[in-house]
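Grab a pencil and work through these exercises with the model open beside you. Each one gives a task, followed by a solution in steps.

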Amino acid sequence: MNNLPEIRDIHIPDGVSFLPIAYGWWVILASIICFFLFIKLIILGIKTSKRFYALRQLKDINTEQPVIAAVKLSELLRRICHFKFKEASALYGEDWINFLNNHSTHKISDDCAKLLVYAPFMNTNDKTYSPVIAEELKLFCKHWIGANL
């Protein structure tokens, strides 16, 4: 006689895992990770926005008048140095050129260096330097900004 056909063997439950994390803890962990990623994104945005701003300023400089362009390029480089390299914003002459060369992968040519150093003291209508040299100086500034911002 089989009075208890529905009874089955006793099954022992699985063991408790080493780290039984509930859903609430997963949400808190995900929130912390998202917070740190958000902070990293903001820092990256700030860094790149300065670079993009400087490159936009550089793009707006017209090289048709080399002396005026060199003055504006020098001003832009000095503004960046005032932000990043405080000690370099007071440099001038050969020290300024050496500083720029030391902080760049591309070296500035002699003609561009002379234009950059002497442009603040030249007449704006001076035809000593060609727009090609000013364009070369602008390209150097682009590389320098890319390497330092």
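**Exercise 1: the largest pocket**

With 5 residues, α4 gives the most to the lining of the largest pocket. Before going on, a word on the ground rules: this is a predicted model, where local features need pLDDT of at least 70, side-chain atom pairs count only at pLDDT 80 or more, and totals for chains, interfaces and linings use all residues. Residues are numbered from 1 along each chain as its sequence is written, and side-chain values use heavy atoms, with hydrogens and water left out.

Task: find which residues line the largest pocket and sort them by class.

Step 1. Fix the terms. On a 1 Å grid over the protein atoms alone, a pocket is an open set of points where a 1.4 Å probe fits, with protein on both sides within 12 Å along at least five of seven lines, and lining residues have an atom within 4 Å of a point. Helices (H or I, at least four residues) are DSSP runs, numbered from the N terminus.

Step 2. List the lining: Gly93, Glu94, Ile97, Asn101, Ile108, Asp110, Ala113, Lys114, Val117 and Tyr118. Both α3 and α4 (110–118) supply at least two residues each.

Step 3. Sort them. Ala, Val, Leu, Ile, Met, Phe, Trp, Tyr, Cys and Pro count as nonpolar, Asp, Glu, Lys and Arg as charged, and the others, Gly among them, as polar. That gives 5 nonpolar, 2 polar and 3 charged residues.

Step 4. Add the volume, which is the space filled by probe spheres set on the points, with grid points joined across faces, edges and corners. The largest pocket holds about 150 Å³.

Step 5. Look at one of the lining residues, Glu94. Glu94 belongs to helix α3 and is exposed, at 58% relative accessible area (buried is under 20%, exposed over 50%, partly exposed in between, with a 1.4 Å probe and protein chains only). Between Glu94 and Lys114 there are 9.3 Å, C-alpha to C-alpha, for a sequence separation of 20 residues.

Step 6. Try another residue of helix α3, Asn98. Asn98 is partly exposed at 39%, and its C-alpha is 9.6 Å from that of Ala113, 15 residues away along the chain.

**Exercise 2: the aromatic rings**

Task: describe the aromatic pairs, and say where their residues sit.

Step 1. Set the cut-offs. Rings of Phe, Tyr and Trp (its six-membered ring) pair if their centres lie within 6.5 Å; planes under 30 degrees apart are stacked, over 60 edge-to-face, and the rest tilted.

Step 2. Search the whole structure, and you get 4 aromatic pairs. Take Phe35 and Phe36: their ring centres are 5.7 Å apart and their planes lie at 70°, so this pair is edge-to-face. Phe35 is partly exposed at 48%, while Phe36 is exposed at 52%.

Step 3. Now try Phe85 and Phe99, also an edge-to-face pair, at 5.3 Å centre to centre with 80° between the planes. This one links distant parts of the chain, 14 residues apart: Phe85 is in the loop between α2 (66–84) and α3 (93–102), and Phe99 in helix α3. Both Phe85 and Phe99 are buried.

Step 4. Follow the ring pairs onward, and Phe85, Trp96, Phe99 and Trp144 join into a cluster.

Step 5. Check for a charge over a ring (NZ of Lys or CZ of Arg within 6 Å of the ring centre and within 35 degrees of the ring normal). Arg78 has its charged end over the ring of Trp96, 4.1 Å from the centre.

**Exercise 3: the cysteines**

Task: explain why Cys112 is not bonded to Cys141.

Step 1. Recall that a disulfide needs a pair of cysteine sulfur atoms within 2.5 Å. The whole structure has 0 disulfides.

Step 2. The cysteine sulfur closest to that of Cys112 belongs to Cys141, and at 8.7 Å it is too far for a bond.

Step 3. Check exposure: Cys112 is buried at 1%, and Cys141 counts as buried at 0%.

**Exercise 4: far in sequence**

Task: place Lys127 and Thr128, and give a C-alpha distance for each.

Step 1. Lys127 lies in the loop between α4 and α5, and is exposed at 74%. Its C-alpha is 8.2 Å from that of Pro66, 61 residues away along the chain.

Step 2. Thr128 is found in the loop between α4 and α5 (131–148), and is exposed at 54%. The C-alpha atoms of Thr128 and Val67 are separated by 9.0 Å, with their positions 61 residues apart along the chain.
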